[in-house]
Amino acid sequence: MADSSLFQSFFLIFSGAAIVATLALFGRQPLLVAYIALGVLLGPSGFAVIDNLRLLSDMSNVGIIFLLFLLGLDMQPQALVSVLRKATFVGIISCAIFLGIGFSIGQLFGFTTMESWVIGMALMFSSTIIGIKLLPTTVLHHKKLGELMVGLLLFQDFVAIVCLMILLSDSSGDMHLGQVALSFGALPLLVAFAWVVVKYLLLPLFSRFDRFHEYVFLMALGWCMGMAELAETLGLSREIGAFIAGITLAASRISQYIALNLKPLRDFFLILFFFSLGAQFKLSMLPEVLIPALVTAAVVLLAKPVVFRYLLGSHSELKILAWDIGFRLGQISEFSLLIALLAFSQNLIGSEASHLIQATAILTFLVSSYIVVMNFPNPIATKDELRRD
């Protein structure tokens with residue numbers, strides 16, 4: 001791919017994003033919706049002026065990694081243990097419920113048993129990007145709502161890893177229990193390794209050279225990316241590696257400086273994520289999956305707030321808190337898209353089932369974003385009284 005081709009893609013994406021974002025703000029619409037719509041418009045199903053989607057999609061995933069790294073930077077390790085303990089029961093029950101709902105929907109619309117299970121897997125998860133990006137920073141790091149959101153999303157990340165391992169198992173569908181055990185056994189070793197490196201290498205280096213801002217920035221990037229790749233190699237996920245990289249630095253004095261400087265870079269890649277999400281959807285498949293996707297999206301948007309409301313009710317004296325979390329988690333996830341693409345590449349599901357999951361993801365992303373942006377405190381609210389950051 002020529003350099004000019006990549007530059008032209010960036011020009012079209014970010015110049016176009018600036019224009020549609022301006023129109024969205026004048027129209028009091030969520031910016032995430034504008035980025036997805038721009039992807040559909042410029043991608044192969046629209047004017048087809050951008051065709052290097054594989055590269056852009058790979059780059060956009062860096063935004064998710066930075067999101068988890070920044071989240072870790074603002075969370076103390078003691079708080080993480082408490083959060084996961086509170087979220088485990090709710091996470092297990094909610095995943096089981098949505099797995100069953102997704103399987104039932106697949107059977108209802110005539111998909112095979114395997115396709116129905118994959119659809120069920122896709123419905124188990126909520127979007128880390130939507131959930132965290134639309135949560136005010138003060139709430140995310142200092143309030144119970146933020147703690148429960150983080151705990152649930154992290155628990156879902158672990159479940160997603162197991163699902164991906166199942167899909168990567170052999171053709172008989174048998175799950176490699178040894179591989180699963182090895183990966184999760186590597187988790188405490190990864191945490192211990194990160195803690196040792198931070199304490200005896202990174203923090204002394206930061207203390208010695210903290211006046212060189214460029215050096216601090218590069219070291220933080222290198223640490224985040226290095227831990228993400230190490231976690232991927234050990235059979236976990238890059239997102240978990242990035243989160244561990246952040247949380248091991250959280251107690252240091254320099255953590256907030258790093259977080260502040262990485263936020264613009266995170267937003268750069270997240271714009272690419274939402275653009276590539278819209279661009280990769282094939283509109284030609286829409287007539288075949290429209291009715292199943294509308295039904296599935298409606299069930300997700302209605303069921304998730306209700307399920308989380310009642311499962312979380314015991315954690316809050318205020319019912320509105322549980323409703324708040326339920327609506328913020330009322331969509332499927334970027335992990336759902338990964339599951340759909342991986343299952344399709346493994347010939348476990350057909351194109352129709354894969355596009356059903358993709359269409360459901362886009363629909364729930366859009367509607368859920370509208371619901372949160374218009375009704376709950378968030379950093380990009382169109383109403384001044386709801387804007388918090």
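**Exercise 1. In this predicted model, decide whether Arg328 is buried or exposed, and find its salt-bridge partner.**

Solution.
- Step 1: Start with accessibility. Arg328 has a relative accessibility of 3%. Buried means under 20%, so Arg328 counts as buried.
- Step 2: Look for an acidic partner. Arg328 forms a salt bridge with Asp324, and their closest N and O atoms are 2.5 Å apart.
- Step 3: Check the partner in turn. Asp324 has 10% relative accessibility, so this residue counts as buried too.
- Step 4: Place the pair in the fold. Both residues belong to helix 14 (residues 319-328), where they sit 4 residues apart, about one turn of the helix.

A reminder before moving on: side chains of opposite charge can pair when their charged atoms come close.

**Exercise 2. Work out which residues are linked with Arg238 in a network of salt bridges.**

Solution.
- Step 1: Begin with the whole structure, where a search finds 3 salt bridges.
- Step 2: Take Arg238 and Glu229. Their side chains meet in a salt bridge with an N to O distance of 3.2 Å.
- Step 3: Now try Glu232. The side chain of Glu232 also meets that of Arg238 in a salt bridge, at 3.8 Å from N to O. The cut-off is 4 Å, so the pair at 3.8 Å qualifies.
- Step 4: Put the pairs together. Glu229, Glu232 and Arg238 form a linked network of salt bridges.
- Step 5: Add the surroundings. Glu229 is partly exposed at 39% relative accessibility, Glu232 is partly exposed at 33%, and Arg238 is partly exposed at 32%.

**Exercise 3. Locate Ser252 and identify the backbone oxygen that lies 2.6 Å from a polar atom of its side chain.**

Solution.
- Step 1: Find the element. Ser252 is in the loop between helix 11 (238-249) and helix 12.
- Step 2: Assess burial. The relative accessible area of Ser252 is 12%, so Ser252 is buried.
- Step 3: Search around its side chain. The oxygen in question belongs to the backbone of Leu249.

**Exercise 4. Describe how helix 3 and helix 12 pack: how do their axes cross, and which classes of residue make up the contact?**

Solution.
- Step 1: Compare the axes. Those of helix 3 (residues 53-73) and helix 12 (residues 255-279) come within 7 Å and cross at roughly 145°.
- Step 2: Assign the hand. The crossing of helix 3 past helix 12 is left-handed.
- Step 3: Sort the contact residues by class. The contact of helix 3 with helix 12 holds 20 nonpolar, 7 polar and 2 charged residues.

Technical notes. Residues numbered from 1 in each chain as written. Predicted model: local features only at pLDDT ≥ 70, side-chain atom pairs only at ≥ 80, totals over all residues. Heavy atoms only, no water. Axes fitted to C-alpha atoms, helices over the stretch in contact; angles between N-to-C directions. Helix = DSSP H or I, 4+ residues; strand = E, 2+ residues; numbered from the N terminus. Left-handed = near helix turned anticlockwise from the far one by under 90°. Nonpolar A, V, L, I, M, F, W, Y, C, P; charged D, E, K, R; others polar. Buried < 20%, exposed > 50% of the residue type's maximum accessible area, 1.4 Å probe, protein only. Polar contact = N/O pair within 3.5 Å; in protein donor to acceptor, adjacent residues only side chain to side chain.
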